[in-house]
Amino acid sequence: MLSLRTSSRALGRSLRRFKSAEAAGSSSSSSQRLAPAQAGTLLDIGIRDIFDSDHDMFREMTRNFFETEVKPFHAEWEKAGEVPRELWTKAGEMGLLANMVPEEYGGLGTDCLYPAIVWEEQSYSGCTGPGFAMHSDIVAPYITNYGTEEQKSRILPKLVSGEWIGALGMTEPSAGSDFANIKTVAVKDGDDYIINGSKVFITNGWLCDVCIVCAKTNPEKGAHGVSLFLIEDGMKGFVKGNKLNKMGMKAQDTCELFFEDLRVPASAMLGPVDKGFYCVMQELPQERLLIADMGVASAEAVFEQSRDYVTERKAFKGKLSDLQTVSHKLAEMKTDVCVGRAFVDQCIALHSEHKLKSDQASMAKYWCTDLQSKIADHGVQLHGGWGYMWEYDVCKHYVDARVQSIYGGANEIMKELIGRSITNPR
C-alpha cells in the first residue's frame, strides 16, 4: 500500500519509471485483468483492462485518501458549504491535483487515466465536496493549452500544489452556457480591458484564487466574439456572492461572481482575442467525459451498497435478496452499470490517445448521467425508508446525481449535438 504521505515527487519518479518500462516493452500486462462484470465487486482494485499495476497502486492511495481525509469530515463540510483549504494542499502533496500538467510546471505529465482514477474514487466515496475535477481537469488544461509562458509558469505550479484553487466562470443568470447570449463584456481601454457582468452556479467560486472568465470582447460577432480572461482573487471589482443553497453537493462551494468595472491588463487574456468559443469547444469533450465517468462510478457504488443492504436485510422470513423481484432488480442494475462502464472505458482509452470525438463524449455524458440517476433511484427504493435518510450514502448519491444531467451541457443539448453528427456529418 502506498502511504498517505507519498509525495507527488516520489509518485512522479514512479510514473517516469513506468513510462521507461512501457517504452522498453516490459510494463505489466493488462490482458489478464477481469472485466467488472466478472469481478467480486464492481469496485475491486486490479480489474479493467485499460489499467495496470501502476494504476492500481495509485488507486489504492487515492481510495485511502478519500476514506481517511475526506469521508469522516464530509458531514461537517456539508454544513459549512465548503471544504477546508488544508484538504486541497494535502491532495496536492499526494499528487492528486492537476496531474496531467507537464512536469516543467510541477505536474506529473500523465495521460487521462490517472485523473480518471481520482474522479472514480471520489464518486465511490460519495463525497462530492472537493471540486477537484473542475480545478484539475477543466481549469488547469485551459491554462496548459492556451496560456502564455508567464501564465503557465506562474499559475500552474500553484494549482498542482493546491495553494491556489481554480474555477471556470461561464454560466450566466440569463444566458446559461449559451455563448451567443453572454452579457458579460470586456471593453478595451488603452492597454487594459474593463470587465462588467456576472456569473452564476460557479463551482469552487467561493474559494477560488483564479477564475477563467468568458466575456464578450466583440459583441457584434456573438459567440465568436468571446474571449477568456484569468481573473484573480483580490482584484478590485471582482466580487464573490454568497454561497448558493443547493439541492445536493452541499459541501461543494458554489456561488455567483460579479465583475464591477474590473480593470485587467491585456496580459490577463487567456488564448487569442475573440477565440474563447474555440477554446471551450476544444476542452468540452474532457469535461463531458469526466462527468460521465463520475456518473458511472456513482452508479457502481450505489449498486454495491444496494446489494449489501438487501443481502443483509431480513424480511418475510428470509433476506430481501431472496425475493425474485429484488434479485431481478439487482440483475437489471448490474447489467446496465456494466454496459455503461464498458462504453466509458472505451472513451477513456480513446481520450488517452487523443482520439475521443466530441459526439462520443456527448453520448457518454447524456447516457451515463441518466443511468446514474436511474440507478440511484433504484438504490433508494431497495433501501426502503432508510434510503430516504441523509445518513445513508445512497440518499446522497440520489440528490447529488440530479445535477449531472444539467451541467456540462444539458442532456437535451447532448442529444442535439449527437443528432447533428448523424444527420450532418463533417
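In this predicted model, a network of salt bridges links Arg-48, Arg-59, Arg-63, Glu-120, Glu-121, Asp-293, Glu-300, Arg-341 and Asp-345. Across the whole structure, a search finds 27 salt bridges. Side chains of opposite charge can pair when their charged atoms come close. One pair within the network is Arg-341 with Glu-120, and both of these residues are buried.

Three salt bridges that link distant parts of the chain are set out below.

| Pair | Closest N to O | Helices | Separation in sequence |
|---|---|---|---|
| Glu-69 and Lys-90 | 3.0 Å | α2 and α4 | 21 residues |
| Lys-396 and Glu-78 | 3.4 Å | α11 and α3 | 318 residues |
| Arg-341 and Glu-120 | 3.6 Å | α9 and α5 | 221 residues |

The surroundings of these charged residues can be described in turn. Lys-90 has a relative accessible area of 38% and is therefore partly exposed. Lys-396 counts as buried because its relative accessibility is 13%, a value under the 20% cut-off. Its partner Glu-78 is also buried, with a relative accessible area of 13%.

**Helix packing**

Two packed helices are described by the angle between their axes and the distance between the axes. Helix α2 (residues 53–70) packs against helix α5 (residues 113–125) at an angle of about 35°, and their axes are 9 Å apart. This contact involves Asp-54, His-55, Phe-58, Arg-59, Thr-62, Arg-63, Phe-66 and Glu-67 on the α2 side. On the α5 side, the participants include Leu-113, Tyr-114, Ile-117, Val-118, Glu-120 and Glu-121. The α2 and α5 crossing is right-handed. Among the residues of this contact, Arg-59, Arg-63, Glu-120 and Glu-121 also belong to the salt-bridge network.

Leu-113 also appears in a further contact: leaving aside neighbours within four places in sequence, Ser-352 touches Asp-111, Cys-112 and Leu-113. Ser-352 lies in helix α9 (residues 324–352).

A second helix pair is formed by α10 and α12 (residues 411–423), whose axes come within 9 Å and cross at roughly 145°. The crossing of α10 and α12 is left-handed. Residues of α10 that take part include Asp-359, Met-363 and Tyr-366, which lie in a contact with α12 residues including Met-414, Leu-417 and Ile-418.

**Surface patch**

Trp-386, Tyr-388 and Met-389 make a nonpolar surface patch of about 370 Å². Met-389 is located in the loop between α10 (358–383) and α11 (393–401). With 32% relative accessibility, Met-389 counts as partly exposed.

Notes: Residues are numbered from 1 along each chain as its sequence is written. This is a predicted model: local features need pLDDT of at least 70, side-chain atom pairs count only at pLDDT 80 or more; totals for chains, interfaces and linings use all residues. Side-chain values use heavy atoms; hydrogens and water are left out. Patches are made of residues with over 30% relative accessible area and no salt bridge: like charges are joined within 9 Å, nonpolar side chains (Val, Leu, Ile, Met, Phe, Trp, Tyr) within 5 Å. Accessible areas come from the Shrake-Rupley method with a 1.4 Å probe; for residues, only the protein chains shown count as cover. A salt bridge is a side-chain nitrogen of Lys or Arg within 4 Å of a carboxyl oxygen of Asp or Glu. Helices (H or I, at least four residues) and strands (E, at least two) are DSSP runs, numbered from the N terminus. Buried means under 20% relative accessible area, exposed over 50%, partly exposed in between (1.4 Å probe, protein chains only). Axes are lines fitted to C-alpha atoms, for helices over the stretch in contact, and angles run from 0 to 180 degrees between N-to-C directions. A crossing is left-handed if the near helix is turned anticlockwise from the far one by less than a right angle, and right-handed if clockwise. Contact means heavy atoms within 4.5 Å.
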